[in-house]
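User: Please take a close look at one helix of this model and the elements around it, then set that part in the context of the whole chain.

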Amino acid sequence: MQVSNRRFERAPSIRQLFPPKNHDKINGCETCSVPFINHQCNNTSESQICQCYSSKPLLLENVAPTPRNSISSTPSHGIEHAVSIYQVVQRPSTSAIPSLHVDDQLDLQPINSSGTPSSSFPAFRDKIPANLHMYLPLYRAALRGDWERANEFLNLHPGAEHAWISRGWETALHISSGARHTKFVEELVKRMKTTDLEIRNKDNNTALCFAAASGVTKIAKLMVDRNRNLPGIRGSEGVTPLYIATLLGQRDMVWYLYSETNHEDLNTEDYFSLLIAALTTDLYDFALHLLERESHLATYHGLNGETALHVLARKPSSFTSGIQLGIWERCIYPCGNDTVMFLSEGIQVKLTTGYGWQLNNSLAHLPSTYQDNLLLTGLWQAVKYLVPGFEAVQKKKTLNAQALKLVQRLCGLIVSSDEIQGGDLIKSPLSRPLFVAAEFGIPEIVMELIFSYPDLLWKVDGQNRSLFHIAIMYRQEKVFNLIYDIGAHKDLITSYRDSNNHNILHLAGKLAPSDKLHVVSGAALQMQRELLWFKEVEKITHPLFKEIQDSESRTPQRLFTEEHRGLAKEGEKWLKNTASSCMLVSTLITTVMFAAIFTVPGGNNDDNGYPIFMHTTSFKVFALSDALALFSSVISILMFLSILTSRYAQDDFLVSLPKRLSVGIATLFFSIITMLIAFGAAFFIVLGHQLAWIVIPTTLVACIPAILFAFLQFPLLVDVDLKSQRS
């Protein structure tokens, strides 16, 4: 039988989320080391043949209880139990074992050994088939969701619905649940016993664990309705299906399993794991609900000594200061404020008792005062579906509001706790949320922590660095700007020195982290941004600190020069390459435009030498655009030439060189546009009277180079004029 090459989508295996435990298994024949897949070994002195199969037990009817690693030749028809994965069959040395086909019936002798079945596994798990290939059609049908073929197979092979059909010991229910085939699962569950739903795979995961990972709530509901014990059966590494759904961010599945799980089976560690998983996957509504139920989770420390606030402090994208929005998205983002009543009620965050924080973006969730107003609700729906990106931006805004509310709730619970009123609690064996938030650039958390516990303003880390020292080290301008709001206190904080005798200006002189260094493109612009940072910190530093030496006898200025020597060299090389390339284009434009003015379209009058079309509008446009293209290209050449001949001193990267580059690129762009206008005017003069229809498409095509140049060079101009200046 050939295996189809068609690929099917399915959820990732649970064992990919939780590494499987080491299982004692036989990987091959002990005699010839051949894998156990229909292998027959003749290398035995007693002419015994090892009838070897997959390393996973499958289905065998009427097998007596036996320890997994023992084999007995005494048959028994008592309780069914797991047996060894292969058996030794006495055959003549010349005999051959026929290969098994899909339609072959099982023909194995029962194997029995003494032992008591494990109470942790149901009896139906202890049925082992002879060959995995027999269940290949059922596996394919479960993966495809083909219930008709699966039903035919199950009718021909009774008991196959609860058989292990894969090397991972998954049943058909495991496979179909992970593949998100709701109808298949519904029909399969009808054929299975209630206890059959508790069958686990090799990693100890039930089919509900697969359903939790898939995120299809209906599949989980079909199983739980048949067996209410399923949500409490733990899977790999002892986690619950609820935790698996939370870890994968399946919001609807999380709320459903949370309502079906017996909370008496969950301890504090389980709740804390759920809280951390919810924070990791941005399920802030569920995290808020957990905090409302178990308020002590705010002060609970995990195995690494960190609290939930540490996790939030590493997620800048969950806050307004850290989201990346385009021009259009920045225009849409403020639309959810309270100035527009009917929109604000539809998109603002609302705390509900059943499912925590929800985005009320549907007609059913609108306030009751508006449900009768079809005009307002219709307008809301129109805005949501017709305005590009509106719904996505509002979801981001809702997420930001939830994250901020969560921080406020955590800070309130921490400060009001009995553990030294939050003083020592903020500190952890690994890091503190204040400095983590400063490192990742989240001013919302920093402000909330200082507002809740003002003494944190004076706290320092293990190297005697304040939160502003950390912000400067990691180039977090939004956190650094808070220093202007603390008044004269900044003079005291800026005087702190770390363990290397570095003051705040020394830290500004160190090279920025690579992720912050590459915020702007080009080494020269990166050097400009570093200089802007150094000059800005220098403004708030006492003049005395500019001459203080560190532990290696370096002043801040000397440290800056040493740290940025390589970046300055790269900036010089980048500027020269850019200027050379652009100057070549400017030179070509200058040459063409200079020659075009003396070879005017239409020719000259033989009597006076004036152009024949001198008095036409198109000729005037041609002459003007030609002159502008010529002059602007010459200016561009001069700017790029000044860059090539610059001395490349350190301070030149601050203003002089970036400005020259900006002017050069701008004038080059202007010369390209005017050159294309001159071409269009000349084209109209020559062919406009006879082929008027060709003028419009030619003009449209002529716009393409100008637009393309603008899109390609506009980011560079933004880096020069805007991004680096924001530092």
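Analyst:
**Helix α7 and its surroundings**

The cover over the buried residues of α7 includes α4 (172–178), α5 (182–191), α6 (207–214) and α9 (251–260), where contact means heavy atoms within 4.5 Å and helices are DSSP runs of H or I with at least four residues, strands being runs of E with at least two, numbered from the N terminus. The model is predicted, so that local features need pLDDT of at least 70 and side-chain atom pairs count only at pLDDT 80 or more, while totals for chains, interfaces and linings use all residues. Residues are numbered from 1 along each chain as its sequence is written, and side-chain values use heavy atoms, with hydrogens and water left out.

Helix α7 itself spans residues 217–226, and its buried residues are I219, A220, L222, M223 and V224; buried here means under 20% relative accessible area, exposed over 50%, and partly exposed in between, with a 1.4 Å probe and protein chains only.

Turning to the whole chain, its secondary structure comes to 30 helices and four strands, and buried residues make up 49% of its 727 residues. Of the contacts with a separation of 6 or more, 73% join residues 24 or more positions apart.

Elsewhere, the unreviewed UniProt entry places the feature "transmembrane region" at residues 582–601, 621–644, 665–687 and 693–718, although such annotations may be inferred rather than shown by experiment. Residues 582–601 are 75% helix and 0% strand, with end C-alpha atoms 29 Å apart, whereas residues 665–687 are 100% helix and 0% strand, with end C-alpha atoms 33 Å apart.
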